[in-house]
Structure formats: structure tokens, C-alpha cells
Amino acid sequence: MMAQPQTKQDRTEARLASAGGRPSGAGWAETARDGALARVRAMGLPEKRDEYWKFTRPDTLVQPEVPEAALLETDESPVFGEVDRLKIVFVDGVFDADASDDLEMSGLRIERLADATQADIHWARDLYGTLEERGQTPVARPLAALNTALARDGVVIHVTGAVPKPVNLIYRHESETSDAMLHHVVKLDAGASLTLLENGPAAARLNGVMEVDVADGANFQHVRTQGRDHERRAVTHSFARLGTESVFKSFTLTVNGRLTRNEAVIELTGDDAAAHVAGAAMGDGDFHHDDTVFVTHDAERCESRQVFKKVLRGGAHGVFQGKILVKEGAQKTDGYQISQSLLLDDHSQFFAKPELEIYADDVACSHGSTSGAIDEEALFYLRARGVPKDIATDLMTLAFLAEAVEEIEDETLRDEITTRLQGWLERRRG
Amino acid sequence: MLDIKNLKVSLEEEDKEILKGVDLSVEAGKVHAIMGPNGSGKSTLSYVLAGRDGYDVTEGSATLDGQDILSMEPEERAAAGLFMAFQYPVEIPGVGNMTFMRTALNAQRKARGEEEMNASDFLKLVREKAKDLQIDPEMLKRPINTGFSGGEKKRNEVLQMSVLQPRMCILDETDSGLDVDAMKLVAKGVNALREQNRGFLVITHYQRLLNHIEPDVVHIMAEGRIVKTGGPELALQVEEEGYEHIKAEMA
């Protein structure tokens, strides 16, 4: 183990101590948790001088005290409310059985992590913390290891066939100082398919991890919204491993929130697989939003897409760190990455670090990153036809975000997200 | 209907006067044409009337039915009944043509205190107008002007004009980039809109458009002023003798 600077180690120990140690009765997860704990100690929790945290200050995600986050009062209809789905509710990071549906549906098995650890579920034992651990190289992700070590709740989903309706994880935030750690494990057997929805702020501070193992020919669709609470903070990690001819698609909508860092770590290990990760983020003022993505191509003829769009206003900050790594032998890789920000004023800032690292000679990879203001010519054109300036700006903002939203395959879900985006814009218009 | 008096306009960024006292009145039911060489200020006039940024009005006035349009926002001018067909219609990826037209129409109606048009009436209206202009329904679904040919863009301008039914239409070099067939189609669309209560100001460099949209009055603009006004025969004179000759004649 490398010696860490004293302060980093102190901070890490302080955080571990504040969490009250490893959950008791960890059962089959015990080994994974111990391993993760050792990794956290070896890596140390992130601090601002870490290269990977250059654009996002990790202090408030690491410190023992949770910064308060006021609860959002809204009479708005819940996201995905119109979708026929199986609801699983967590309140401030704790499973709420009364608010949830029965965890039973054809084509899958769902267990609560806290309960599942009591039973011997061999596939979960093999998976819990495994993808997170794999995701620690070549870049350390200590907050994910912290989660594996300490998370007390979450779900374990085993998808064996076709599932009749989406599973919706609903995250309610009811305490201004809640500190939630959720760890989900999803395993899709060969040919199985699942749509997973997530919505809500979860807590004043959330550390969320999801590990998804997509076997050959399986199909995983993921759409998530992160709530509208202005002061909430979140760091999330999605780890995915894709088998031959499998599909993984994930879209995240983020509006508001003081601090959000969403990491996606995806490994294409079977030929002809496809992974799409996309995000639309909008915020103003002290909004800080970071998408950090690492896609590894380790098989032939795989396709990956990263499409991230941010609308920033009133001094908001956006960050994108995205990497495509094409390993030796991953021929005919088709990799695409775009990150763009629309800056609605001069105070907002966007930091982008797009990276390609390619060790195969027959690949097609492209990436682009831009940041700019509303096109004045287009704005004038719309206004000259009678569209008021604020509505014209909103139309162009939605147009800007469209490429990311279009990554959502299901039309109903896509429309739902567009409606939410319109709602955010309308509220800002006043 | 449209009254422009002694209009003087400078570029905001470089203290350069482009319009040096333009006087012009377009009556309801009439088509006026402005012809002039490049750099004479024709397009600046249309932009200033439509409300584009970057110009300083230093003197004079422009009113539409007695309302001072120069103090209005571009969208207010549109609601007041002014429409400018762009020389270069802007491509706006991601904003659907239909959504845009309906938003524009209803925003104008709302601004005028009228009832908004519902989706099915709107669809019917647009389909009917599009058919007259031989616009493919597929084109309506596409984002505004995105990937449209030059002719399609200009037809889309005329389509918007037909849907929005403005009082006063300004056509800025609508013939530029069009072949004869496309020009005829556009002219047909414009002619269909000619009526007693509507005025037109057709800005063009060449006489050829005026064979298809026949003007009642022709103005020659040079160096920021209207230097000569006459009937349709003036356009033919320009075609035969060129602008230099007319300018020399006026000097």
C-alpha cells in the first residue's frame, strides 16, 4: 500500500468513522465489503488536488457532516407517474415497503439488499462489488469503493427473461440532513431485457452505485431523473459489463442540485455489443454538474455513444470528462462522443476533457466538444415571426438538448423527459 | 400603411451611416418594389424594419398603421402585422417547422388579444397552404430550414407568410439563389396573397422577379436614399440601362 499524505488518510478515516462502520450481518457480501474497505483505505477518498477531481470539488461529498439540503415543495405530478411500472420506494436512502409495490414480477427476482445479504444468493455474491472493483483501474474511484463497503440498502435484481413493465426506483428526500448510500446490483441473463427507471433526489447527500451485468444478447434500458431539490448533492457510479450482442442504454436528466457527479464506467467485453450513455443537464446559479464517463472497448465490432448536453445559466458550472479506450484487438470499434454546453450568460462555465486512447488499428472513433451561446441569427428569425424572446430561447434550448434526449429509445419515456425539460424552462420564465 | 420618413440609420459597431434619409410610403393593396445596386442600403432597410440588432436609428421614423414600429421588439412588430421574408432563411436544427409556425401564429394571436388556434385547425390550414406551394408534407415535419434546398427555404418563407397572414410583407431578395421554376412558384404564392388590405415591399437587385410579381410602384435606391420613383416601366429601364445610368441621370 502506498503511503498517503496524512491529511488524505485522516479525511478518509474520519469519513469511515462517521458512517458507523461496516453494516452488521453482511452475510455473503462480507468479503466484498472488506475488500472494498481495504481499497478505500489504499486509495484514500478524493481531494481537490486529485487529477480526476480537477474540475469538481469533492469536499462536501467526502466530509463526515452532511451539508443541509432544503426539501423541495412542489405540487407537480411525479416523474414516470403515468407509466405502468413496478415501484420500489426509498426514503432518504431506506427502503419503504409500505410505499412500494410487491417485489414480484414475471421474468425477474428482486431482493432488498439489506435482506438479500442474509440469504445466500450466489450470483449476487459473485457480482456485488465486482464491477466496481474492475472499474478501479486505470482510474481510482474511491467513493464507489466506499459505497460497496458501507451501503446498507439497495436492490438486487436478477432478470431471467422478458419483463412486462419497467422497474422504477423512487428516491424520496424527507430529511434536510440525510446521508444515503444505495447500492444496486442488476444481472441480466442471456437474452433477458429490463427497463429500469430511477427518479428523485434520494437524500440531502447521496452516494449511489449500480452494477449491471448484461449477458449475451441481453438488453438494459435505463432512464433516470435526479430530482429538483436545489441544495442536494450526489455522486453516482454506474458500472456495466456487456456481453456479446448485448445492449446497454442509459439516460440521465439532471435539473438543479448543488452538486452532481455522475460516473459511468462501461466495459464492452463481448463482440457486437452497444453501449449508449447520455445526459441532459440544466441548472443555474450554484449548480455544478459533472459527467465522468469511461468506456472500454475490449471486443470486436462494438458501438459506443456518449452524448452529453448541458444548459448553464447564472454562473452555473458544467464538467465533462469522457474517455473511450479501445484495447488491442478491439477491431471495427465504432466510438462516438460529444459533449456540448449552452451558456445562457457570460458567468457560466463549462470544462471538458474528452479523451481517446486507441490500441487497435481498424476503428472509427470521433469526439467533439463545444460550448457556446444561443445563436443570435436563429433567435432573431424566430422573433421576427412573432415568437417572444423567452419562448424562442426555450425552443432553442430544447433543440439543443434534443440529441441527448433522443438517445432514449422508448417514445413514452422520451416524451416524459421532454415534458420535464419544458416544465423547468417554463418555471424559469415565470 | 407603412410610412417611412427621413429614416437615417448607422451601423452600431462602426459609426457608418447606411441609410441617409429614406422616405417611402406603401399603401394597402399596393406592391412597391425597391431596386438598387449592391451596397445601396436595401437590405439594411428591411432589417431595420424587422428589428434586427446592430443598427442605430439616428433620425426619422417608421410607422405601420400609425404605430411606431421602431420602438417595438421584433416579435411585437410581427404581431402588429409586419413580416419580412429573409434573403437567407436561417436553419434551426432541432426546432420542428410545424411547432415553430404554430408557436409563432398563436403568440401573435395572443399578443393581439385573439383566440389561439387549436392543433387540428392549424394542421388543416398549413396542409392547405403547403399544397398550393407544392411543399411536401415531409418537409413540414423537418426542423426549420434544415437541409432545405434554396428553393425549399424560400417556399417555406412564403408558406409562413400565408399562414401568418401579415398586413405588410417585406420580401428581401427573395429571388436570390432561385432558378426560374422556383421563382415562379414563389411568385405565385406571393401573388395569391395580394389583396386590398395588404401591402408589399419587394426588395430586389434584378428586374426578373418583377416579371412575376408585378409592382405598382418602383423605387430606385442608391447610397442610402430613394433616388427615383416611378411605375413598372422604371424596372425595365434599370434592366436595359443599368443603375449607373440612372444614378448619373439623377446627379
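These exercises work through a predicted model with chains A and B.

## Exercise 1. Overall build of chain A

Task: State how many helices and strands chain A has, and decide how its radius of gyration compares with the globule rule.

Solution.
- Start with the elements. Chain A contains ten helices and 20 strands.
- Take the radius of gyration next. The value is 21 Å, and the globule rule gives 22 Å for 430 residues. The two are close, so chain A is as compact as a globular protein of that length.
- Add the extents. The C-alpha trace spans about 65 × 50 × 50 Å along the principal axes.
- Check burial. Of the 430 residues, 59% count as buried.
- Look at the contacts between residues at least 6 apart in sequence. In chain A, 85% of these join residues at least 24 apart.
- Finish with the surface. Chain A has about 16300 Å² of accessible surface, and carbon and sulfur atoms account for 46% of that.

## Exercise 2. The same profile for chain B

Task: Repeat the description for chain B, and find which radius of gyration a compact globule of 251 residues would have.

Solution.
- Count the elements. Chain B has nine helices and twelve strands.
- Apply the rule. A compact globule with 251 residues would have a radius of gyration near 18 Å. Chain B has 18 Å, in agreement.
- Give the extents. Along its principal axes, the C-alpha trace of chain B covers about 55 × 40 × 35 Å.
- Give the burial. In chain B, 54% of the 251 residues are buried.
- Give the contact range. Of the chain B contacts between residues at least 6 apart, 69% link residues at least 24 apart.
- Give the surface. About 11200 Å² is exposed, with 45% supplied by carbon and sulfur atoms.

## Exercise 3. Charges

Task: How many positive and negative side chains does each chain have, and how far apart are the centres of the two sets?

Solution.
- Chain A has 48 positive and 72 negative side chains. The centres of these sets lie 4 Å apart.
- Chain B has 30 positive and 42 negative side chains. Here the centres lie 5 Å apart.

## Exercise 4. Aromatic pairs

Task: Classify the pair A:Phe55 and A:Phe351, then the pair A:Phe90 and A:Phe95.

Solution.
- Set the scene. Over all chains, the structure holds eight aromatic pairs.
- Classify A:Phe55 and A:Phe351. Their centres are 5.3 Å apart and their planes differ by 20°. Planes under 30 degrees apart count as stacked. This pair is stacked.
- Place the two residues. A:Phe55 sits in the loop between α2 (30–43) and α3 (59–62) of chain A. A:Phe351 belongs to strand β19 (residues 349–358). They are 296 residues apart, and the pair links distant parts of the chain.
- Check their exposure. A:Phe55 is partly exposed at 23% relative accessibility. A:Phe351 is partly exposed too, at 24%.
- Classify A:Phe90 and A:Phe95. The centres are 5.9 Å apart and the planes stand at 65°, so this pair is edge-to-face.
- Check exposure again. A:Phe90 is buried at 0% relative accessibility. A:Phe95 is buried at 15%.
- Look across the chains. A:Phe380, A:Tyr381, B:Phe86 and B:Phe100 are joined into a cluster by ring pairs.

## Exercise 5. Two residues of chain A

Task: Are A:Val40 and A:Asp290 buried or exposed, and what does each touch beyond four places in sequence?

Solution.
- Locate A:Val40. It lies in helix α2 of chain A.
- Judge its burial. A:Val40 has 0% relative accessibility; the cut-off for buried is under 20%. A:Val40 therefore counts as buried.
- List its contacts. A:Val40 touches A:Thr12, A:Leu45, A:Pro142, A:Ala145 and A:Leu146, leaving out residues up to four places away.
- Move to A:Asp290. This residue lies in strand β15 (residues 288–297) of chain A.
- Judge its burial. A:Asp290 is buried, with a relative accessible area of 0%.
- List its contacts. Beyond neighbours within four places, A:Asp290 meets A:Thr56, A:Thr260, A:Arg261, A:Asn262, A:Val319 and A:Gln321.
- Compare sequence with space. A:Asp290 and A:Phe350 are 60 residues apart in sequence, and their C-alpha atoms are 9.7 Å apart.

## Exercise 6. Helix α1 of chain B

Task: Explain why helix α1 (residues 42–50) of chain B is described as largely enclosed.

Solution.
- Count the buried residues. Nine of the nine residues are buried, so the helix is largely enclosed by the rest of the structure.
- Name some of them. Among them are B:Lys42, B:Leu45, B:Tyr47 and B:Ala50.
- See what follows. After α1(B) comes B:Gly51, with a positive phi near 100°.

Definitions and conventions. Residues are numbered from 1 along each chain as its sequence is written. Chains are lettered from A and ligands numbered from 1 in the order in which they are written. This is a predicted model: local features need pLDDT of at least 70, side-chain atom pairs count only at pLDDT 80 or more; totals for chains, interfaces and linings use all residues. Side-chain values use heavy atoms; hydrogens and water are left out. Helices (H or I, at least four residues) and strands (E, at least two) are DSSP runs, numbered from the N terminus. The radius of gyration is taken over C-alpha atoms; the globule rule is 2.2 Å times the number of residues to the power 0.38. Buried means under 20% relative accessible area, exposed over 50%, partly exposed in between (1.4 Å probe, protein chains only). Contact means heavy atoms within 4.5 Å. Accessible areas come from the Shrake-Rupley method with a 1.4 Å probe; for residues, only the protein chains shown count as cover. Lys and Arg count as positive and Asp and Glu as negative; His and the chain ends are not counted. The place of a charge is taken as NZ of Lys, CZ of Arg, CG of Asp or CD of Glu. Rings of Phe, Tyr and Trp (its six-membered ring) pair if their centres lie within 6.5 Å; planes under 30 degrees apart count as stacked, over 60 as edge-to-face and the rest as tilted.
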